[in-house]
Amino acid sequence: MRFKSLIVFVALVVLGLVAGCGGSNKGGLLWIVLASKDAGAVDVLIDGQVVASNRQFGSLINNLSTSGDRATVTFRRAGTNTVLRTANISLGGDGVLMILAGKRVPGAGQPPLQIQTFAQDRTLPQDNTWEVRVINAAAESSGRSDFYLNRVNQDQFATNAVFLNVDFGGIAGYASRQTIEPKRIIVTESGNRNNVRYDGQGDTVAFNNRDKKTFILIDGAGPDLMSRPVILDDRF
């Protein structure tokens, strides 16, 4: 079976942070997003123990704890011993965002899956603001994408994009906004507002004071189409 777009997103958020950052004295807290249409169902193991079974494309698995600041995370084909990828994770600071991603066209000698890591930032936004960032995990969308957060009655021609030119596997760092109201998500081909990859008209996302969110763009019903992004609350 080909895994041309196998992507598993794992947000590892360390507890035990300073006061005001939502921490505790436990080990690590693990978020997993399964963003592959082609992988089928997946089982997830932490340090050899199954923590989630038969999870499908688009699933969010949250609030999984680890016993310390290191863990081995394994992804298997559901109901089998077939390992798709294993990673040893070292947690520190505010945590680590790990991406297990399939390349569109792996190069010669390259594995079908790759791992990328990013620092997690759980600092509190300023009062009367909220923050958002985007990760493009839509392997079936060619080229780069532009990301909009508009008012309910605004299309992609009404305002400028929040993020431009977000490539597959790329991350756009936090942007801060002050308008506390529901937002309509729109994703287009980069530089081509007429090519809409996702439009959340009628399906808005609420932003409250000091919210901090990560939007993960995932594949849709066909090439160059996207489903509703998976949304992680970076503060909880």
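How many helices and how many strands does the protein chain have? Colour the model by secondary structure and you will see zero helices and 17 strands. Keep in mind throughout that this is a predicted model.

**The whole chain**

Stay with the full view for a moment. The protein chain has 236 residues, and 49% of them count as buried. If you draw the contacts between residues at least 6 apart in sequence, 65% of them join residues at least 24 apart.

**The largest nonpolar core**

Next, select Phe147, Leu149, Phe163, Ile185 and Phe215. These residues have the most contacts inside the largest nonpolar core, which has 20 residues. To see where the core comes from, show β10 (130-136), β11 (145-150), β12 (163-166), β13 (171-177), β14 (184-189) and β16 (212-217): each of these strands supplies at least two of its residues. Strand β10 gives the largest share, three residues.

Another core lies apart from this one; it has 17 residues, and Ala39, Ala71, Phe75 and Ile89 are among them.

**The aromatic rings**

Now show the aromatic side chains. A pair of aromatic rings is described by the distance of the centres and the angle of the planes. The count here comes to four aromatic pairs.

Begin with Trp130 and Phe207. Is this pair stacked or edge-to-face? The ring centres are 3.9 Å apart and the planes meet at 20 degrees; stacking requires planes under 30 degrees apart, so the pair is stacked. Trp130 sits in strand β10 and Phe207 in the loop between β15 and β16, so that the pair links distant parts of the chain, 77 residues apart. Both Trp130 and Phe207 are buried.

Move on to Phe147 and Phe163. Their ring centres are 6.2 Å apart with the planes at 35 degrees, so this pair is tilted. Because Phe147 lies in strand β11 and Phe163 in strand β12, the pair ties together parts that are 16 residues apart in sequence. Phe147 is buried, with a relative accessible area of 1%, and Phe163 also counts as buried, at 7%.

Keep Phe163 selected and show its surroundings. Leaving aside neighbours within four places in sequence, Phe163 is in contact with Val132, Arg133, Val134, Ser145, Asp146, Phe147, Ala172, Gly173 and Ala175.

To finish this stop, select Trp130, Phe147, Phe163, Phe207 and Phe215 together: they form one aromatic cluster.

**Tyr198 and its partners**

Go next to strand β15 (residues 192-199), where you will find Tyr198. Is Tyr198 buried or exposed? Its relative accessible area is 11%, and the cut-off for buried is under 20%, so Tyr198 is buried.

What does Tyr198 touch, beyond residues up to four places away in sequence? Its contacts are Ile185, Ile186, Val187, Asp203, Met226, Ser227, Arg228 and Pro229. Try a distance label between the C-alpha atoms of Tyr198 and Met226: they are separated by 5.4 Å, although the two residues are 28 residues apart along the chain.

**The largest pocket**

For the last stop, switch on the surface and look for the largest pocket, with a volume of about 170 Å³. Which residues are closest to its centre? Of the 14 residues that line the pocket, these are Leu149, Asn150, Thr159, Arg177 and Lys183. Colour the lining by residue class and it divides into four nonpolar, six polar and four charged residues. Leu149 is a residue you have already selected, as one of those with the most contacts inside the largest nonpolar core.

Conventions:
Residues are numbered from 1 along each chain as its sequence is written. This is a predicted model: local features need pLDDT of at least 70, side-chain atom pairs count only at pLDDT 80 or more; totals for chains, interfaces and linings use all residues. Side-chain values use heavy atoms; hydrogens and water are left out. On a 1 Å grid over the protein atoms alone, a cavity is a set of points where a 1.4 Å probe fits but cannot get out, and a pocket is an open set with protein on both sides within 12 Å along at least five of seven lines; lining residues have an atom within 4 Å of a point. Grid points are joined across faces, edges and corners, and a volume is the space filled by probe spheres set on the points. Ala, Val, Leu, Ile, Met, Phe, Trp, Tyr, Cys and Pro count as nonpolar, Asp, Glu, Lys and Arg as charged, and the others, Gly among them, as polar. Helices (H or I, at least four residues) and strands (E, at least two) are DSSP runs, numbered from the N terminus. Buried means under 20% relative accessible area, exposed over 50%, partly exposed in between (1.4 Å probe, protein chains only). Contact means heavy atoms within 4.5 Å. A nonpolar core is a set of buried Ala, Val, Leu, Ile, Met, Phe, Trp, Tyr and Cys residues joined through side-chain atoms within 4.5 Å. Rings of Phe, Tyr and Trp (its six-membered ring) pair if their centres lie within 6.5 Å; planes under 30 degrees apart count as stacked, over 60 as edge-to-face and the rest as tilted.
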